[in-house]
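Please open the structure in your viewer and keep the selection tool at hand. The tour moves from the whole chain to single residues, one selection at a time.

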Amino acid sequence: MPGFELFGPEEKQEVADVMENGFTFRYNFDHMRNDRWKTREMEALLCEKMNAKHAHLVSSGTAALQTAMAAAGIGAGDEVIVPPFTFVASVEAVFMAGAVPVFAEIDETLCLSPEGIEAAITPKTKAVNLVHMCGSMAKMDEIKAICAKHNLVLLEDACQAIGGSYRGQALGTIGDVGCYSFDSVKTITCGEGGAVITNNETIYNYAHMFSDHGHDHVGNDRGAEGHPIMGLNFRISEMNSAMGLAQLRKLDKIIDIQRSNKKLIKDAMAEIPEVSFREIPDVEGDSAGFLTFFMPTEARTIEINKKLAENGVDGCFYWYINNWHYLSNWKHIQELKSPSALPITLIEDRPDYTNVSVPKSDAIMSRTISMLIKLSWTEEEIKQRIENIKRAFV
């Protein structure tokens, strides 16, 4: 995901402003920073763009997930429904919260299915970690209704989907709390960074305190601040926020380019009889970071993935065998590998992660290829890419 493709003088100017006129720490030091508050500025712009009441920047998307869970009251022994197709952080954050990941089936949106969520709910279920994978959304109306019915926290992991929306509402703002990631290969980047976004004031207050050792951020004397809760250090620096601020101002342009480039390739691939496409509940809200398509069989998918590479079509991902994005390849998670004992090991009736069965997800992911959409392609490069794609299917 391509924010780094649009680096320019804007990012340099914002970072230089911190170096020359501001201060690197996001809080306090008022007398040294000449009223430069890049983190506050990015948080305000994020709220404006996402039409949300509260945004809090942290050091990574993973930090955002862990902060959001703590702020939403998800902790020791709570079951959290998670998808088998996601980046490992979506699951690791649950373990680190002392909670229990429970895997459920996805559907052809590549996100958790309403039926999969319903089937995974138990009396111990506290939350659903709904991951909007590869830039598009789940079936939000049905899933939100399920969470309301069962009084579950709906956490939206929109780390790969900033700029996407569902029926006009920004992904990440539909549930109780959402998360974004701004690492070097996300839609926009801070270099490293993330955000918690919510319309719930209680969750927001716990989030900004938890991510800064419990500081309540009342007043302008850091040493005199109260600490109502315990927390960790997930602070972002002003340097990272400065870069992210410049990138966030480019988000609309980035999404427009992605959508335009994706449409050209998708329209061409729609002429290939054996290709079908991922289900997108709101096509107009797709952030278009990836073009995902299905082949009729696993064997054909493996063959086409190889032929695409041989024909110069880069940036194609066969997630089913990817080390970082599909449950069957996560031996470290299946075996609870950690340098120290995890809280979940104290739970006698914990799930056996070496024996998780998600046959519907396997059937989908074994036939799935996702193609990265780049911002930097020229018109001629897109035409050549289409020719190369068609040649791979011959």
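The stops below begin with the whole chain, go on to its domains, and end at two residues.

**The whole chain**

Begin by selecting the entire protein chain, bearing in mind that what you see is a predicted model. In cartoon view you can follow 14 helices and 13 strands along the chain. The radius of gyration is 21 Å, close to the 21 Å that the globule rule gives for 394 residues, so the chain is as compact as a globular protein of that length. If you turn the model along its principal axes, the C-alpha atoms fill a box of roughly 70 × 55 × 40 Å.

Now switch on the surface, where the protein chain exposes about 16700 Å², with carbon and sulfur atoms supplying 52% of that area. Beneath this surface, 58% of the 394 residues count as buried. Among contacts in the chain with a separation of 6 or more, 68% are accounted for by residues 24 or more positions apart.

**The two domains**

Next, colour residues 3-250 as domain 1 and residues 251-393 as domain 2, following the domain assignment of the chain. The contact between them takes 51 residues from domain 1 and 49 residues from domain 2. Taken over C-alpha atoms, the centres of domain 1 and domain 2 are separated by 23 Å.

**K186**

Select K186 and show its side chain, after first finding strands β8 (177-181) and β9 (194-198), since K186 has its place in the loop between them. An unreviewed UniProt entry places the feature "modified residue: N6-(pyridoxal phosphate)lysine" at K186. Is this residue buried or exposed? K186 has a relative accessibility of 12%, and because buried means under 20%, K186 counts as buried. Add D183 to the selection, and you can trace a polar contact of 3.1 Å that joins the side chains of K186 and D183.

**T39**

For the last stop, go to helix α3, which covers residues 38-50, and pick out T39 within that helix. With a relative accessibility of 0%, T39 counts as buried. Which residues does T39 touch, not counting residues up to four places away in sequence? Show R26 and L57, and then I236, S237, E238 and S241, for these are the residues that T39 touches once those sequence neighbours are set aside.

Key. Residues numbered from 1 in each chain as written. Predicted model: local features only at pLDDT ≥ 70, side-chain atom pairs only at ≥ 80, totals over all residues. Heavy atoms only, no water. UniProt positions renumbered as here; feature names shortened; annotations may be inferred. Helix = DSSP H or I, 4+ residues; strand = E, 2+ residues; numbered from the N terminus. Buried < 20%, exposed > 50% of the residue type's maximum accessible area, 1.4 Å probe, protein only. Polar contact = N/O pair within 3.5 Å; in protein donor to acceptor, adjacent residues only side chain to side chain. Rg over C-alpha atoms; globule rule 2.2 N^0.38 Å. Contact = heavy atoms within 4.5 Å. Areas by Shrake-Rupley, 256 points an atom, 1.4 Å probe, with all protein chains shown as cover. Domains from an automatic or database assignment.
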